[in-house]
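Hi,

Here is the structure I promised to pass on. My notes on what turned up in it follow below.

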Amino acid sequence: MAWKTLVWLTLLVLPCAQARLHEEQIDLPVKVNDAYGKAVEQTIKVTVFHDDANPRPAPVLVLSHGRAPDAEGRAGMNRARYLDASKFLVQRGFIVAVLTRIGYGVSGGPDIEDSGPCNAKRYPPGYAAAAEQTLAVLAAMRQRPDAAHDRAVVMGQSYGGATAVAVAALNPPGVQASINFAGGGGGNPKTQPQRPCAPQALERMFAGYGKTARMPMLWIYTENDRYFGAELPRQWHAAYVAAGGQARMVQFPPQGDDGHLLFSRFPQLWQPQVAEFLDAQGFHATDEDK
C-alpha cells in the first residue's frame, strides 16, 4: 500500500507526564473478506499517538477495540482512542496506532464480523478480517520514517483481544509479542451475562491459534467479566497453551460492576503487569518512566 494513499490529519498535542503526546488521524485504505468470501474494500480511521522526544526509530504498537453486542452500539461508536492506555504506551517509547475497524462508527461499512446465530457461530472469519486490518495498520506505520520496521507489539480489548491472538497465530515478521485483554466473542452482558454464544467454538478456535502461534503472549482477564465469566477464559487459555501457544494468564479479582471493562476503567491495575511483560520482551521503559 503506497504511503501517498494515506490521509493524515494532525489533531492535537497533549502534555503527558514526561512526554508530549501528539495525536494524529489516518484514513487508511484496507481490503478484507467477510465470512462468505466477499471482498470489502474501504478506508478505516486510525488514531496515532507518538512523542517526538522518544528514541527513534520507535517500536510500533497496534491496538484494537471491542465489539458492542448490538448494531446500534457499533454504529454509534466514536473514533477509537483509548487515551489512558495510549499515554502509558507512548511513555514506554511506542508509536501507538488505534484502529476503528470496518463496520464501526466513524469507519462505517458492513458488519464483516457477523458470525451467525448464537447456536451456530462461525467465529474465525471475523477474527481473520480483524487481523488483516491490524496487519494493514502495522504495515502503514512501518512506512513512517520514525518507526522501526522490525519491532512491534499487537494488543487488543475484548473482540480486539481475541484478534491479538489471531494475529499471534500468523507470526507476522517483526512482531515480538501480543497482549490480549478480555478476549472472546459472542457475549452480551444484558441478555445472557457470563454466558457467551457457543463457548466451545471459541475454545476450538483458540486451540487452533495455539497450534501455530510462536510469539509470547500476555492474557489479562477479570473474575467478574459479565461477557465471559471467570471459568471460560481459563478454559480458552488452557486450550491455547495445550496446543502449543505461549501465554501467561493473569486473572484479577472482581473489579467494579463488570470486570470486562478493566482495560479502560482500571489502568492502574494492569499497567504493572504489562510493563513487566514488555520489559521481558525487550521493550524497556526509559529510566525516567521506570
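Strand 7 (residues 175-181) and strand 8 run parallel and are joined by 4 bridges; two strands count as paired if DSSP finds at least two bridges between them. Across that pairing, I179 stands opposite L218 of strand 8. Helices (H or I, at least four residues) and strands (E, at least two) are DSSP runs, numbered from the N terminus. Before going on: this is a predicted model, where local features need pLDDT of at least 70, side-chain atom pairs count only at pLDDT 80 or more, and totals for chains, interfaces and linings use all residues. Residues are numbered from 1 along each chain as its sequence is written, and side-chain values use heavy atoms, with hydrogens and water left out.

Strand 8 also runs parallel to strand 9 (residues 246-252), with 7 bridges joining the two. Here W219 stands opposite M249 of strand 9. Both connections go through a helix: strand 7, helix 5 (residues 199-212) and strand 8 make a right-handed β-α-β unit, and strand 8, helix 6 (residues 231-242) and strand 9 make a right-handed one too. Right-handed means that, with the strands pointing away from the viewer, the path from the first strand over the helix to the second runs clockwise. As for exposure, 6 of the 7 residues in strand 8 (residues 216-222) are buried, i.e. under 20% relative accessible area with a 1.4 Å probe, protein chains only.

Now the rings. The structure holds 15 aromatic pairs (Phe, Tyr and Trp rings, the six-membered one for Trp, with centres within 6.5 Å; planes under 30 degrees apart are stacked, over 60 edge-to-face, the rest tilted). One of them is the tilted pair of W219 and Y240, at 5.1 Å centre to centre and 40 degrees between the planes. W219 sits in strand 8 and Y240 in helix 6, so this pair ties together parts that are 21 residues apart in sequence. Both W219 and Y240 are buried. Ring pairs also link these two into a cluster with F206, Y209, Y221, Y227, F228 and W236.

What about empty space? On a 1 Å grid over the protein atoms alone, a cavity is a set of points where a 1.4 Å probe fits but cannot get out; a pocket is an open set with protein on both sides within 12 Å along at least five of seven lines; lining residues have an atom within 4 Å of a point. Points are joined across faces, edges and corners, and a volume is the space filled by probe spheres set on them.

- Largest pocket: about 560 Å³, lined by 25 residues, with G66, R67, A68, Y227 and L261 nearest its centre. Helix 1 (71-75) and helix 7 (262-265) are the elements giving two or more residues to this lining.
- Second largest pocket: about 330 Å³, lined by 23 residues, with R67, P69, K121, G186 and G187 nearest its centre.
- Cavity: the search finds 1 of 30 Å³ or more, with about 40 Å³ of space. Its lining includes Q157, F181, I220, Y221, T222 and H260. Strand 8 gives the most to this lining, with 3 residues.

By class, the cavity lining has 6 nonpolar, 4 polar and no charged residues, while the largest pocket's lining has 10 nonpolar, 10 polar and 5 charged. For those classes, Ala, Val, Leu, Ile, Met, Phe, Trp, Tyr, Cys and Pro count as nonpolar, Asp, Glu, Lys and Arg as charged, and the others, Gly among them, as polar.

Cheers

Technical notes: Buried < 20%, exposed > 50% of the residue type's maximum accessible area, 1.4 Å probe, protein only.
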